[in-house]
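User: I have a new model open and would like to talk it through with you. Could you start with whatever you consider worth knowing first?

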2 protein chains.
Amino acid sequence: MNAIAVERGGERPVVVDTARPTPAPGEALVRTLRVGVDGTDQEVIAGGHGGFPADADHLILGHEAVGVVEDAGDTRFSPGDVVVPTVRRPPGESNEYFDRGEPDMAPSGEYYERGIEGAHGFMSEYFTSPGEYLVSLPRELADVGFLVEPLSVAEKAIELAAAARSSFDWAPESALVLGNGSLGLLTLALLRDRHDYERLYCLGRRDRPDPTIDIIEELGATYVDSRETPVEAVADAHEPMDLVYEATGYAKHAFATVEALAPNGVGALLGVPEPWEFEIDGGRLHREMVLENKALVGSVNSNVRHFEAAVEALGTLPEWFCDALVTGVYGLGDFESAFVDDDTTIKTAVQFSAYEER
Amino acid sequence: MNAIAVERGGERPVVVDTARPTPAPGEALVRTLRVGVDGTDQEVIAGGHGGFPADADHLILGHEAVGVVEDAGDTRFSPGDVVVPTVRRPPGESNEYFDRGEPDMAPSGEYYERGIEGAHGFMSEYFTSPGEYLVSLPRELADVGFLVEPLSVAEKAIELAAAARSSFDWAPESALVLGNGSLGLLTLALLRDRHDYERLYCLGRRDRPDPTIDIIEELGATYVDSRETPVEAVADAHEPMDLVYEATGYAKHAFATVEALAPNGVGALLGVPEPWEFEIDGGRLHREMVLENKALVGSVNSNVRHFEAAVEALGTLPEWFCDALVTGVYGLGDFESAFVDDDTTIKTAVQFSAYEER
């Protein structure tokens with residue numbers, strides 16, 4: 001079967017021919033419908049993040065998949081069920097994190113990530129997965145099911161942030177999303193429709209006209225141009241934020257977040273930057289965090305509970321939003337287009353097969 | 001009556017003569033037993049923190065008090081009850097934070113702090129307080145009741161830190177307390193006896209023999225000399241920490257805390273530094289927070305619930321610990337000694353009257 005992979009020493013994704021996998025006991029065979037592309041894929045291709053499976057000369061890409069159960073094996077699924085796979089798998093033996101359903105909290109070395117770190121991803125015509133790592137999706141959401149994984153990552157981060165404020169009465173109203181990429185925009189919609197934030201802001205560095213600014217404004221949020229209003233100026237220029245959601249990987253934003261927060265606010269950090277030394281007013285940031293009870297929480301990955309929440313959330317996203325967000329779905333013959341990252345691209349996917357109702 | 005105050009332009013505490021306060025409706029008149037001295041008092045005296053009451057030429061010091069109800073007025077107390085006052089008061093009108101019992105979460109401008117910011121403290125022969133801001137203390141704890149306020153501050157920070165980890169299964173075993181001052185040592189005892197941490201570390205910069213190192217080791221904790229093992233080296237030299245509790249106000253510690261944490265760990269920040277610019281590897285810290293789900297929470301002050309927890313905790317502290325911690329209790333005639341801060345001083349208090357069972 002065909003798969004999209006990056007080879008050792010390679011700098012771009014290529015189609016490779018690989019054996020169709022055979023499901024082990026407890027596993028289902030899934031026919032792949034679509035697999036989304038995101039910034040992590042770009043980092044994996046560039047070699048900045050993740051790693052090849054041991055003894056493999058290539059890594060099959062893709063961690064944002066949706067598919068149809070072809071052979072349910074002894075899982076709880078039936079052929080024809082639409083499913084979304086989670087990303088982390090035990091590295092050989094299971095461990096306590098997987099055993100209790102929290103692989104997202106496993107430390108480095110205690111997990112593989114399919115398509116990212118140590119295990120092949122989902123960008124192939126078929127993939128197998130233990131049933132416990134597959135989440136059901138209503139059939140009518142099959143076309144946009146590749147958005148479940150990024151939504152689940154946002155759900156987890158928002159959950160962690162809210163937990164960090166759960167020992168007191170916290171009723172957040174304002175949120176600033178840093179980054180107008182697909183994750184930022186998905187988060188904006190999630191905060192509006194699922195988490196009832198009243199006033200939303202999204203920071204980017206784009207000139208109008210721009211399709212992401214159009215989406216931001218169509219969602220009723222305010223676009224903040226970081227070239228005019230840097231993160232540390234947002235509180236004065238607009239308002240102090242109850243939640244700041246960092247989805248850029250730009251390390252200075254993580255620290256400027258403290259200054260954008262309202263008293264008792266929380267910053268959720270999701271970006272994965274490279275080492276970068278710079279100067280901060282550490283005394284002032286430390287003082288502000290203490291005297292105003294501010295918090296910062298890092299968040300990575302997501303577990304089945306977050307995937308289930310994301311499935312629910314996906315069902316409530318407006319149709320216009322998904323239409324505007326997904327700027328391209330490409331077949332195998334044109335798969336390179338799915339990896340193009342320019343100002344007209346927001347979210348893309350590779351389609352391996354079409355969904356047809358049985 | 002006599003009070004200990006700092007005058008505008010003054011650089012050291014002095015005894016002033018002031019009118020004995022008259023309780024308003026809803027208030028009790030309390031005869032002061034003892035009032036503790038801490039680092040915040042030193043900052044207030046030095047002018048680095050807090051502020052004078054409007055129109056007052058002096059600020060009566062003291063926010064760690066224990067006293068005996070002299071006149072209960074229409075409060076729920078009876079004369080002879082031993083009580084500890086909380087610190088924050090509404091600045092004139094009440095507001096939502098006080099109304100819901102969370103003055104510790106009020107932002108700047110929405111509170112006074114007795115003895116610190118905008119309102120006289122408790123270092124006088126008598127003070128008044130609304131009954132709702134007084135917490136009952138068992139009589140047998142009267143002598144050490146001035147430790148309730150700092151314990152309550154630690155309780156709040158530990159509560160906030162644990163809340164930040166409440167969305168997943170977190171079973172902390174190791175904790176590092178930064179700072180071997182009285183708050184650090186109280187926290188160490190609290191973490192051991194009330195929060196069941198198994199392995200405790202306390203970081204300072206003192207040579208042996210030293211009374212704080214003796215207490216650390218008597219508590220079964222490990223002393224970490226920051227001159228040999230800086231915060232960022234603790235994880236390698238000892239172990240990564242589930243909780244780091246910063247009680248130094250040394251801003252570089254707040255950022256190095258991220259490196260001392262175990263995956264999924266949390267740093268509680270309590271110190272109040274001055275502005276200070278320095279370089280950090282912001283990219284690495286940001287990356288670590290995200291990929292290892294780490295959190296930092298700032299925490300200030302405490303509310304009645306934390307005071308009540310602190311009263312409970314105080315009852316469980318070993319007697320030897322309080323004896324070793326409290327290095328001096330001084331009467332009005334020798335009050336300057338309570339403000340001396342040298343290597344043989346750990347915790348001091350000023351005694352205004354002796355507790356006698358009725």
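**Talking through the model**

Analyst: In residues 142-352 of chain A, helix makes up 38% of the span and strand 23%, and the C-alpha atoms at its two ends are 13 Å apart. This is the stretch to which an unreviewed UniProt entry assigns the feature "domain: Glucose dehydrogenase C-terminal". Please keep in mind that this is a predicted model.

User: ok, what mean pLDDT does chain A have, and what ipTM does the complex get?

Analyst: Chain A has a mean pLDDT of 97, with 99% of its residues at 70 or more, while for the complex the predictor reports 0.97 for ipTM and 0.97 for pTM.

User: Which residues of chain A does UniProt list for "binding site"?

Analyst: The unreviewed entry names Thr40(A), Glu113(A), Glu149(A) and Asn301(A). Although these positions are spread over 262 residues of sequence, they cluster in space, the largest C-alpha distance being 12.7 Å.

User: Take Thr40(A) and Glu149(A): buried or exposed?

Analyst: Thr40(A), which lies in helix H1 (residues 39-46) of chain A, has a relative accessible area of 21% and is therefore partly exposed, since buried would require under 20%. Glu149(A), found in helix H3 (residues 148-163) of chain A, counts as buried because its relative accessibility is 6%.

User: And what do they touch, ignoring residues within four places in sequence?

Analyst: On that basis Thr40(A) is in contact with His49(A), His63(A) and Ile116(A), whereas Glu149(A) touches His63(A), Glu64(A), Val87(A) and Phe307(A). His63(A) thus appears in the contacts of Thr40(A) and of Glu149(A).

User: Switching topic, in what order do the strands of the open sheet in chain A run?

Analyst: Three strands form that sheet in the order E2-E1-E4, with antiparallel pairing. Strand E2 (14-17) and strand E4 (58-60) of chain A are the edge strands, each pairing on one side only. Neighbouring strands of the sheet are turned against each other by 55 degrees on average, with direction ignored.

User: How many bridges join E1(A) to E2(A)?

Analyst: Four bridges connect strand E1 (residues 2-7) of chain A with E2(A), and the two run antiparallel; in this pairing Asn2(A) stands opposite Asp17(A) of E2(A).

User: Last one, over in chain B: how many residues of helix H7 are buried?

Analyst: Eight of the ten residues of helix H7 (residues 251-260) of chain B are buried, so the helix is mostly covered. Among them are His253(B), Phe255(B), Thr257(B) and Val258(B), along with Ala251(B), Ala254(B), Ala256(B) and Ala260(B).

Definitions and conventions
Residues are numbered from 1 along each chain as its sequence is written. Chains are lettered from A and ligands numbered from 1 in the order in which they are written. This is a predicted model: local features need pLDDT of at least 70, side-chain atom pairs count only at pLDDT 80 or more; totals for chains, interfaces and linings use all residues. Side-chain values use heavy atoms; hydrogens and water are left out. UniProt positions are given in the numbering used here, feature names are shortened, and annotations may be inferred rather than shown by experiment. pLDDT is the predictor's confidence in each residue, from 0 to 100. Buried means under 20% relative accessible area, exposed over 50%, partly exposed in between (1.4 Å probe, protein chains only). Two strands pair if DSSP finds at least two bridges between them. Axes are lines fitted to C-alpha atoms, for helices over the stretch in contact, and angles run from 0 to 180 degrees between N-to-C directions. Contact means heavy atoms within 4.5 Å.
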